[in-house]
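I opened my notebook to go through this one step by step. Here is what I looked up, in the order I looked.

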Amino acid sequence: LFRFPTSLQCSNFISRLIINMVCLTIPFLLNLTAVALDNTVEVQGTILPSPFGFAVNLMKDPSNIPLHIYPRWFEGNVFVINNMVDGSWKVERRVPFPAGFGIPGQEFTITVEVGIRDFRIFINGKPFTTFANSVPLSDLKQLAFDPTSTTEPT
């Protein structure tokens, strides 16, 4: 397994993401080396006092996003899971937060196991849901983290 551990340092204004001991300014776009079968992407963080949402994207490019994960507190505590093909969003799935997720101040881990047919998503180490993978693994070129909606906009 290829593990891509990240540790998100959250405060009132998220400003950096630690990846393999390298501090990145966020939002960020990280180019991935070859993604192989059963690779794992892991994002860790802490939920802010007044959470709004954030997005984690596995991408080919900005117009082709095979996996978009967006926890939304502002829409009733749901994960929106979606994909974009040639600039058009496809049908989204809404999955309620699992028990114990989404509490301000709580640390969390979102893990994605990348497979040929699907993405297996885990929340805090527990199976959460799957989402169909419609692209070859070689098309997964970038990981993006967008915290622009991590706090409610003013």
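The entries below run from the overall build to the core, then to the charged pairs and a few single residues.

**Entry 1: the overall build**

I note at the start that this is a predicted model. I counted secondary structure and got 0 helices and 15 strands. Next I looked up how much of the chain is covered: of the 154 residues in the protein, 48% are buried. For the outside, I have an accessible surface of about 7900 Å². Carbon and sulfur atoms account for 56% of that surface. I also checked how far along the sequence the contacts reach. Taking contacts between residues at least 6 apart in sequence, I find that 54% join residues at least 24 apart.

**Entry 2: the core**

Which residues touch the most other members of the largest nonpolar core? My list reads Leu58, Leu67, Phe79, Val112 and Ile121, out of 27 residues in that core. I then wrote down the elements that each give two or more residues to this core: β6 (39-46), β7 (55-59), β8 (65-72), β9 (78-85), β12 (107-114), β13 (118-123), β14 (126-132) and β15 (142-146). The most comes from β12, which gives 4 residues.

I picked Leu67 for a closer look and left out residues up to four places away in sequence. Leu67 touches Val56, Asn57 and Leu58, and also Ile81 and Asn82. The rest of its list is Val112, Phe119, Ile121 and Phe131. Of these partners, Leu58, Val112 and Ile121 are names I had already written down for the core.

**Entry 3: β6 and β12**

Is β6 enclosed or open to the outside? I find 6 of its 8 residues buried, so β6 is largely enclosed by the rest of the structure. Its pairing with β12 is antiparallel and runs over 8 bridges. One position I wrote down is Glu42, which stands opposite Thr111 in β12.

While I was on β12, I looked at Thr109, which also sits in this strand. Thr109 has 17% relative accessibility, and the cut-off for buried is under 20%, so Thr109 counts as buried. Setting aside neighbours within four places in sequence, I find Thr109 in contact with Glu42, Val43 and Gln44. Thr109 also contacts Phe122, Ile123 and Asn124.

**Entry 4: salt bridges**

How many salt bridges does a search of the whole structure find? The search gives 5. I went through some of them in turn.

The side chains of Glu75 and Arg94 meet at 2.5 Å, N to O. Glu75 lies in the loop between β8 and β9 and Arg94 in strand β11 (residues 93-96), so this pair ties together parts that are 19 residues apart in sequence. Both ends are partly exposed: Glu75 is at 33% relative accessibility, and Arg94 has a relative accessible area of 41%.

Arg94 also forms a salt bridge with Glu92, at 2.8 Å, N to O. Glu92 is partly exposed, at 31% relative accessibility. I then followed the connections and found Arg72, Glu75, Glu92 and Arg94 linked in a network of salt bridges.

Another pair on my list is Glu113 with Arg120, whose side chains meet at 3.2 Å, N to O. Glu113 counts as partly exposed at 25% relative accessibility, and Arg120 counts as partly exposed at 22%.

**Entry 5: two asparagines with positive phi**

Where do residues other than glycine show a positive phi? One is Asn77, with a phi of about 60°. Asn77 is found in the loop between β8 and β9, which is also the loop that holds Glu75. Asn77 is partly exposed, with a relative accessible area of 37%.

Another is Asn124, with a phi near 50°. I place Asn124 in the loop between β13 and β14. Asn124 is partly exposed, with a relative accessible area of 34%. Asn124 had already turned up in my notes as a contact of Thr109.

Technical notes
Residues are numbered from 1 along each chain as its sequence is written. This is a predicted model: local features need pLDDT of at least 70, side-chain atom pairs count only at pLDDT 80 or more; totals for chains, interfaces and linings use all residues. Side-chain values use heavy atoms; hydrogens and water are left out. A nonpolar core is a set of buried Ala, Val, Leu, Ile, Met, Phe, Trp, Tyr and Cys residues joined through side-chain atoms within 4.5 Å. Buried means under 20% relative accessible area, exposed over 50%, partly exposed in between (1.4 Å probe, protein chains only). Contact means heavy atoms within 4.5 Å. Two strands pair if DSSP finds at least two bridges between them. A salt bridge is a side-chain nitrogen of Lys or Arg within 4 Å of a carboxyl oxygen of Asp or Glu. Accessible areas come from the Shrake-Rupley method with a 1.4 Å probe; for residues, only the protein chains shown count as cover.
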